[in-house]
Amino acid sequence: MSGTPLRRSGRTAAKLIKPPRRDRSLLPNPQTQPARRGRCSARVSCAATGVSAAPTSEPDARMAMEVRRRVAPPPHGAPPRRRAAGVEGAGERVRVQAGDALPLPIRHTNLIFSALFAASLVYLMRRWREKIRSSTPLHVVGLAEILAICGLVASLIYLLSFFGIAFVQSVVSNSDDEEDFLIDSSRHGHGHAQAPPAPAPCALLGNPAAAPEKMPEEDEEIVASVVAGKIPSYVLETKLGDCRRAAGIRREALRRITGREMDGLPLDGFDYASILGQCCELPVGYVQLPVGVAGPLLLDGRRLYVPMATTEGCLVASTNRGCKAIAESGGASSVVLKDGMTRAPAVRFPSARRAAELKCFLEDPVNFETLAMVFNRSSRFARLQGVKCAMAGRNLYMRFTCSTGDAMGMNMVSKGVQNVLDYLQDDFPDMDVISISGNFCSDKKSAAVNWIEGRGKSVVCEAIIKEEVVKKVLKTNVQALVELNVIKNLAGSAVAGALGGFNAHASNIVTAIFIATGQDPAQNVESSQCITMLEAVNEGKDLHISVTMPSIEVGTVGGGTQLASQSACLDLLGVKGANRESPGSNARLLATVVAGAVLAAELSLISAQAAGHLVQSHMKYNRSSKDMSKAAS
C-alpha cells in the first residue's frame, strides 16, 4: 500500500497512509494490503454527541466497498508478482502467484490468446460465408480451416480458464498461514520457479547477519568467547547449525559465569530445533514434569482419559475420583455457548468527539459487512463476529471478536485487527494507534469483560450425581456438599471480592491440562474463571453440579501443541491438530474436556472438605522426605 499511488479529493497520498505508532513485526505487511479509495460507505452518527457524516446512497456504498477490495495494479512493465518485505539477511521474498505457472507474463499471454481467438473467428466466419454462397458443404474443411478451428477452441478454453486462475489466486492469497506461500527468491534464477528447500534442522540456520564473521572451531574456544562477551549467546544456533550443540555451549558458559552446576537440569533427550524461533529462546536444558492421567471421564458419551502435568500431590488422584463418581452416575454433558477470540487495540484522537464518531461507525450494524470483509482477509479461518467499543476521554478501545478455527487465535485475530486499522486510517487520518492491544481484550489478566462477555470458548458442564455414589465414592452427603458450596465458593468468594473465582480450585486443573497439551500457561488467569453450582435435586436425594467457564482459551494447532510430548497428549484426547472436516471442532472439544475435568475435580475437592479428609489426604500423599535432586544425579 505504501508503494502504491493513491488518489483522493482533498487529501494527499502521504496523509492517507500515515503510519501509526505500533510494532508490525507479527502483522501483515502493509504493502500487501489493497489500496482503498472513497469515504466510508455508511453514515456515521451518534445521538449522544450530535456528530454525523454526510450520508451516501446505497449504490454508492456498494461501489465504495467494491473499490476498497481492489488491489492497485503494478507499474507499467513491472512483473506480475507482488513482493513483500523480507526478513533481514534472508534475501528478497516473493509471493507465489497462480499466473507464475505460465511461460510468459500473464498480460502477454492474454494478448496472444485474445488475438488468436479474434483472428480464428474472423477467418472461419469468412470461409463459411463463402461456402454458403457457393453451396459448398460446411463440413468439408481444409488444413487452414482445421488450424483455425483448433486455434479458436484453444483460445476459448484459455480465456474461460483465465477467470479460474483469478479464483485460484484469491484462494492462495487468503491462506491462513501466509508464510507457506513465501519463498526465498535469492535461491532462484530469474524466470524459473523451483520447489522450496527442505526444512533445515535449525530454523535460523544460514542467517549470518547477527553472527560474527568467523566462529572458532573448538567448543572450548566458543565457550570462552561467550563468557568474555565476544560472541553473543543468541547467535550460537545460527552460526553452528546445531541446536543441541548451541544449547550445550550456552549452558557451559552459564555455568562458568554463575558458578552453578545445574546438574539436575537435563540437557540431552530433547529436540531443540523444534522450539527454535517459535517456543523458547536461549535454551540451556528442559524441565521435567510428570504427566498423570485421570479417567475415564464420561463426557457427552465419550470415554476420555485426561492428561495432567503437575507437581501437586493428590491433584490427579482427586480428579480421578471425581471422574469415577461422574461415570458411575451416568456421565456429564457440556455445551459450548460462545467461541470467539478477542483483540482490542487502543487508539487516540484529538478530541473525544472524534473518538465517538469512530465508536458509532464501528458499532453501527450497517457497517459490519464492510468491516468483516476487511477483517476476514487475514485468514481463511478468521471470521469477524462483532466489535464492541469503550471510551476513556479521547482514547477509544475497540474489542474485536472472531472465530479462529482450531487455533487459539491470538496471532490470527491480531492480523485481522491490523487490516481494519489500516482500513480506518484512510477515513480517520487523525487516529493515532497507540497499541495493537489496549488491555480491553483482556489477555492474561483477570478482567470483568472476560467474565461477562467471554473470551475463547464459553463452556457449561453439568452432571447429576446419585445419592449412593455421593455416599460410597465421595464419602459425604448431598446436603453437606450444597451447604459448603454456598458458604465457601459463593459467599466466601464474594467476601474476598473475587472476580470469576467462585470455585474451589479450577485453576489447578486448567493449568495441569494446559501444560500437558501445549497451551499458553499464562492464559490460565482468565481460563480459570469459573462458578461452581451445587443443588439438591430429585427430592433432595441426588446432587446436581455444574461449572460455568466463560473464557477457556485453547487450541490444537500452533505454539506448544506441535512439540512431541504435548502432541502426544492431544492425540490421547483425540484432538491432535486441525479438524479438516469441521474446522474448530477439535479446539471446542478440548475446551469441553477442560470443563469436564474441572467439574470432576471440583466435585472431589468439595467432598473432601465436607468430609474433613483434605488435610489427612495431603499429609499422606503430598509429603516426601526423599531428595529427588540427588536421585536425579
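I started at Gly501, which sits opposite Cys530 in strand E15. Worth jotting down before going on: this is a predicted model.

Next I looked up which strands that pair belongs to. Strand E14 covers residues 501-502 and E15 covers residues 530-537. The two run parallel, and I found two bridges between them.

Then I followed E15 to its other partner, strand E16 (residues 542-552). Here the sense is antiparallel, with seven bridges. For a concrete contact I took Ile531, whose bridge partner in E16 is Thr548.

What links E15 and E16? They make a hairpin, with four residues in between. I checked phi in the turn as well: Asn538 has a positive value, about 55°.

From E16 I moved across to E13. Eight bridges join these two strands, again in the antiparallel sense. As a marker for this pairing I noted Ile464, which stands opposite His544 in E16.

E13 also pairs with strand E8 (residues 333-343). That pairing is antiparallel too, over seven bridges. The residue pair I picked out was Asp339 with Lys457, the latter being the partner in E13.

Last entry: how many of the ten residues of E13 are buried? I got seven, where buried means under 20% relative accessible area. Strand E13 (residues 456-465) is therefore largely enclosed by the rest of the structure.

To retrace my route: E14 pairs with E15, E15 with E16, E16 with E13, and E13 with E8.

Key. Residues numbered from 1 in each chain as written. Predicted model: local features only at pLDDT ≥ 70, side-chain atom pairs only at ≥ 80, totals over all residues. Heavy atoms only, no water. Pairing = 2+ DSSP bridges. Buried < 20%, exposed > 50% of the residue type's maximum accessible area, 1.4 Å probe, protein only.
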